[in-house]
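Let's take a walk through a protein, starting with one residue and working outwards. Keep the structure open beside you as you read.

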Amino acid sequence: MKEIVAELAMVEHEIARLESQIKQLQHHKDDVHNEWGRRTSLKNHLVDANPLIISTRPNASTAFDTKALHFISKAIKGDYHLKDFSTNHKLIKENTSEEGARGLFREKISKRNGLLKPPSPLRHPTPAPSRRDRNLDIVSTDFSSRLVSTPLHTVEESIQRWPPNKLSENIMKCLIFIFVRLLRTSRVMELEKSGPIARSTNLTSIMFQKDSRQQDPYGIFDSEESVPRDIGPYKNLVRFTSTSMDLKCIQNSSSVPLFQKLKVLMDGLQKVDLRFLSHQQKLAFWINMYNACIMHGYLQYGVPSVFTPDNTLALINKACLNIAGNTINAQAIEHFILRKPGDTLIKEILGKEKDNKEMIVHELYGLEAPDPNIAFALCCGTRSSPAVKIYTADGVTNELERSKLEYLQAAIVVTSSKRIALPELLLRNMNDFASDKESLMEWVCQQLPTSGSLRKSIVDCFRGVHGGKVSAIVEKIPFEFEFQYLLAI
């Protein structure tokens with residue numbers, strides 16, 4: 001129940017933020033209306049000759065942006081209808097009357113067929129323009145001709161000009177919105193199945209019941225011997241499991257604007273220019289692309305019916321994105337771009353006769369100095385994976401440090417019998433941080449806050465080791481391949 005309350009609070013916060021953006025865009029729209037109102041008297045003859053130009057004013061793109069934010073808000077809240085999400089949004093066509101000099105516009109749109117009724121030249125006589133007026137009209141005509149495309153085309157062109165990092169961040173935002181939307185849809189469906197009385201009771205309990213227990217995404221408190229403590233920000237994350245992956249909702253995704261937006265973003269990814277990125281920009285971009293690749297793969301191919309290492313690996317190999325004209329899968333992003341391929345892996349790739357695309361990808365995009373903290377940022381959609389976050393070029397180093405700390409706080413087990421259990425994900429990447437378990441435990445303590453309860457508990461365990469090795473009290477928590485996403489929103 002606490003998870004649902006946290007999700008509702010998150011959704012309400014996001015709705016409030018989007019509504020604030022909509023209000024700002026509406027204020028901007030009013031300013032544009034006033035500006036065009038002053039120029040209307042100079043362009044009435046152009047309006048009468050070609051009323052379509054009116055529909056291509058700058059406020060049309062503003063209206064589209066407002067509409068897009070409105071769609072996202074409606075998709076999150078779940079109160080959308082299919083008619084609201086047609087792929088081709090019609091532009092609003094306005095008529096200008098005698099009051100145009102004062103900036104007053106009237107819409108004359110037919111209720112039956114949506115066609116614009118152009119003003120009659122007899123009812124709206126146009127004075128002969130002066131030379132200065134004709135010059136203004138020529139500029140206006142040229143400007144309007146550039147805006148005559150639909151809003152969708154305008155957005156696509158704008159996205160193609162985005163820097164790679166901005167594009168990757170927006171792709172991740174869109175995917176997270178989609179997963180939250182699916183999560184909420186699945187829960188609403190569960191409530192609808194329970195009947196009106198039970199649904200009312202459940203909604204009341206969701207809104208008012210307070211759960212004193214904290215979220216435990218990795219199940220570190222499943223054992224009675226686990227020492228209770230605060231696990232940090234992970235206790236507030238939203239869990240997305242296989243029960244929330246509603247195939248019916250995904251199959252009908254063409255009517256959902258979030259999926260339409262995702263497609264436009266993915267199309268822009270094909271033309272992105274990665275030649276002049278700095279190390280920090282590359283690092284943030286490819287982390288986002290790895291996570292986006294797998295999230296998109298689950299939306300494309302669905303969740304495996306059986307959770308095994310082979311099934312997970314198969315999806316990682318199958319999930320791919322077209323990035324800068326190259327089809328790259330998640331496996332290549334991790335092992336040939338974000339990491340340096342080992343000697344054994346290089347020999348295996350070079351030994352292939354037909355194909356060494358992985359090495360070409362490494363030469364084109366590989367990082368010169370990989371960051372070991374990516375282990376706490378790459379999520380393959382399993383229960384033992386770290387939380388999904390959005391990484392930025394300006395703050396990626398600090399963001400990775402924070403991801404490392406939050407993961408360690410949430411995934412390490414300390415028992416009352418003075419034993420320590422480390423997640424397999426950490427032990428698998430041990431060589432990036434230490435040479436053996438003893439030095440790894442020292443490294444773990446150095447990462448944790450001095451005043452934190454986890455570090456104090458680990459130090460207490462060390463004190464119980466007299467003349468023996470620390471590794472004797474360290475155990476492994478096996479990696480769990482059950483489908484799960486932890487969404488930090």
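Before we start, one term: two residues are in contact when they have heavy atoms within 4.5 Å. Also keep in mind that this is a predicted model.

**A lysine on the inside**

With that in hand, take a look at Lys-404. Leaving out residues up to four places away in sequence, Lys-404 touches Asn-373, Phe-376, Trp-443 and Gln-447. You'll find Lys-404 in helix α15, which covers residues 396–411. Is Lys-404 buried or exposed? Its relative accessible area is 4%, and buried means under 20%, so Lys-404 is buried. One of the residues on its contact list deserves a second look: the side chain of Gln-447 makes a polar contact with the side chain of Lys-404, at 2.6 Å.

**Rings that meet**

Now for the aromatic residues. How many aromatic pairs does a search of the whole structure find? The search turns up 14. Tyr-218 and Tyr-234 make a tilted pair, with 5.7 Å from centre to centre and 40° between the planes. Both partners sit in the loop between α7 (196–208) and β1 (238–241), 16 residues apart. Tyr-218 is buried, and Tyr-234 is buried too.

Another pair is made by Phe-483 and Tyr-485, and this one is edge-to-face: 5.7 Å centre to centre, with 75° between the planes. Phe-483 and Tyr-485 are both buried.

Rings can gather in groups as well. Which residues form one aromatic cluster? They are Tyr-218, Tyr-234, Phe-376, Tyr-407, Phe-433 and Trp-443. You've met some of these names already: Phe-376 and Trp-443 are among the residues that Lys-404 touches.

**Charges over rings**

Rings can have charged neighbours too, and here are two cases to find in the model.

| Charged residue | Ring | Distance to the ring centre |
|---|---|---|
| Lys-318 | Tyr-301 | 4.4 Å |
| Arg-428 | Phe-479 | 4.7 Å |

In the first row, Lys-318 lies over the face of Tyr-301. In the second, the charged end of Arg-428 sits over the ring of Phe-479.

**Inside two more helices**

Next, find Cys-461 in helix α18, residues 453–463. Its relative accessibility is 1%, so Cys-461 counts as buried. If you skip its neighbours within four places in sequence, Cys-461 is in contact with Val-414, Lys-418, Arg-419, Ile-420 and Ile-473. Take Val-414 from that list: Cys-461 and Val-414 are 47 residues apart in sequence, yet their C-alpha atoms are 8.3 Å apart in space.

Asn-291 belongs to helix α10, residues 279–301. Asn-291 counts as buried because its relative accessibility is 0%. Not counting residues up to four places away in sequence, Asn-291 touches Met-172, Ala-377, Leu-378, Cys-379 and Lys-389.

**A helix under cover**

Helix α9 runs over residues 257–269, which makes 13 residues. From its first C-alpha to its last, α9 reaches 18 Å, close to the 18 Å expected at 1.5 Å a residue. How many of its 13 residues are buried? The count is 10, so α9 is mostly covered. Among those buried residues are Pro-257, Phe-259, Gln-260, Met-266 and Gly-268.

**Two odd backbone angles**

Two loop residues have a positive phi although neither is a glycine. Ala-324 has a phi of about 55° and lies in the loop between β2 (320–323) and β3 (326–329). With a relative accessible area of 26%, Ala-324 is partly exposed. Lys-418 has a phi of about 65°, and its loop is the one between β4 (413–414) and β5 (420–423). Lys-418 is also partly exposed, with a relative accessible area of 41%. You saw Lys-418 earlier, as one of the contacts of Cys-461.

**Stepping back**

Finally, zoom out to the whole protein. There are 18 helices and seven strands. Of its 489 residues, 45% count as buried. The accessible surface comes to about 26100 Å², and 52% of that belongs to carbon and sulfur atoms. Among contacts between residues at least 6 apart in sequence, 76% join residues at least 24 apart. The Cys-461 and Val-414 contact gives you one example to look at, with its partners 47 residues apart in sequence.

Note on methods:
Residues are numbered from 1 along each chain as its sequence is written. This is a predicted model: local features need pLDDT of at least 70, side-chain atom pairs count only at pLDDT 80 or more; totals for chains, interfaces and linings use all residues. Side-chain values use heavy atoms; hydrogens and water are left out. Helices (H or I, at least four residues) and strands (E, at least two) are DSSP runs, numbered from the N terminus. Buried means under 20% relative accessible area, exposed over 50%, partly exposed in between (1.4 Å probe, protein chains only). A polar contact is a pair of N or O atoms within 3.5 Å; within protein, one must be able to donate a hydrogen and the other to accept it, and residues adjacent in sequence count only if both atoms are side-chain atoms. Rings of Phe, Tyr and Trp (its six-membered ring) pair if their centres lie within 6.5 Å; planes under 30 degrees apart count as stacked, over 60 as edge-to-face and the rest as tilted. A charge sits over a ring if NZ of Lys or CZ of Arg is within 6 Å of the ring centre and within 35 degrees of the ring normal. Accessible areas come from the Shrake-Rupley method with a 1.4 Å probe; for residues, only the protein chains shown count as cover. The expected span of a helix is 1.5 Å times one less than its number of residues.
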